[in-house]
Amino acid sequence: MAARSNPPPSAPTTSQSSSYSTTASSSTSSTSNSRAKGGRGGVGGWSNALLMYTQRPEDFPDVVYEATDEFVVIHDKFPKSTLHLLVLPRVVISSFSHLRFEHVELLKNMYQLGEKIVGELKAKYPHLSFKTGFHAVPSMKQLHMHIISTDFVSDALKTKKHWLSFTSAFFIPAIEFVQRLEGMGKIEFDSKEYHELLKGPLLDPLDDQVYKNMPSLK
């Protein structure tokens, strides 16, 4: 089994590591009406839970890592690794099916912001490595990109599905996601095909071994 240590004492909790930037605060009030008209929509139901952070990030200083005019970056409520953040566009994009050629620039900016944050996190936690990407079949409606450390040490990482959603082809690298949209003008993944990946072997990419269950893996 690959060695997996517990999170280091310096690893951030949500409140410790939040570095909420008010880059967009000066323009929030002036743009709130236009955002509402742009289909920001109401927040209702579990699958829409991410929307509240995009609408009023200033209300969640312990969750928000950074906010700009275009994006809000938050700490995942149920992190699947020592560090796990989500990059959310402020404009409502409820599913991949709404993405078109005109969103390519947004996706490129999203990717670039993710790379910037990875650089910040690597500087602060040099013992960790990171990857950015999207779940092929996301469980939450608002478009979101994961920034996650690859140690996968977390009490919230409990099931085979959790594990495989980040370590199999179910996790689409951010740059590949952007290139798909740029090349085809749309994002499509076969839901049935990708859900089958979550039933695959419990493979640890650190040592290329297959484990029987999560306790033996962790």
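This passage walks through a predicted model, from its confidence to its sheet, the helices beside the sheet and two buried residues.

A good place to begin is the confidence of the prediction. Across the protein the pLDDT averages 85, and 80% of the residues score at least 70. Residues 5–43 call for more caution, as their pLDDT is below 50. In the model this stretch nevertheless has 61 contacts beyond near neighbours in sequence.

The sheet comes next. Strands of a sheet pair through backbone hydrogen bonds, either parallel or antiparallel. Here six strands form an open sheet with antiparallel pairing, and their order is β1-β2-β3-β5-β4-β6. The edges are taken by β1 (64–67) and β6 (171–173); each has a single partner strand, so one side of each is left without a neighbour in the sheet. From one strand to the next, the twist averages 30°. Within this arrangement, strand β4 (residues 130–135) and strand β5 (residues 145–149) run antiparallel and are joined by four bridges. Gly133, for instance, has His146 in β5 as its bridge partner.

Two helices accompany these strands. Helix α5, covering residues 160–167, packs on the sheet and touches β3 (84–89), β4, β5 and β6. The direction of α5 makes about 105° with that of β4. Helix α6, made up of residues 174–184, lies across β4, β5 and β6 and runs at about 75° to β6.

A closer look at His135 brings several of these elements together. This histidine lies in strand β4. With a relative accessible area of 12%, His135 falls under the 20% cut-off and therefore counts as buried. Leaving aside neighbours within four places in sequence, the residues in contact with His135 are Phe96, His146, Ser165, Phe166, Phe170 and Phe171. His146, named above as the bridge partner of Gly133, is thus also one of the contacts of His135. For Ser165 there is a further detail: its backbone oxygen lies 3.0 Å from a polar atom of the His135 side chain.

The second residue to visit is Leu217, found in helix α8 (residues 214–217). Is Leu217 buried or exposed? Its relative accessibility is 0%, so Leu217 counts as buried. Leu203 is 14 residues away from Leu217 along the chain, and the C-alpha atoms of the two leucines are separated by 8.7 Å.

Key:
Residues are numbered from 1 along each chain as its sequence is written. Side-chain values use heavy atoms; hydrogens and water are left out. Two strands pair if DSSP finds at least two bridges between them. Axes are lines fitted to C-alpha atoms, for helices over the stretch in contact, and angles run from 0 to 180 degrees between N-to-C directions. Contact means heavy atoms within 4.5 Å. Buried means under 20% relative accessible area, exposed over 50%, partly exposed in between (1.4 Å probe, protein chains only). pLDDT is the predictor's confidence in each residue, from 0 to 100. A polar contact is a pair of N or O atoms within 3.5 Å; within protein, one must be able to donate a hydrogen and the other to accept it, and residues adjacent in sequence count only if both atoms are side-chain atoms.
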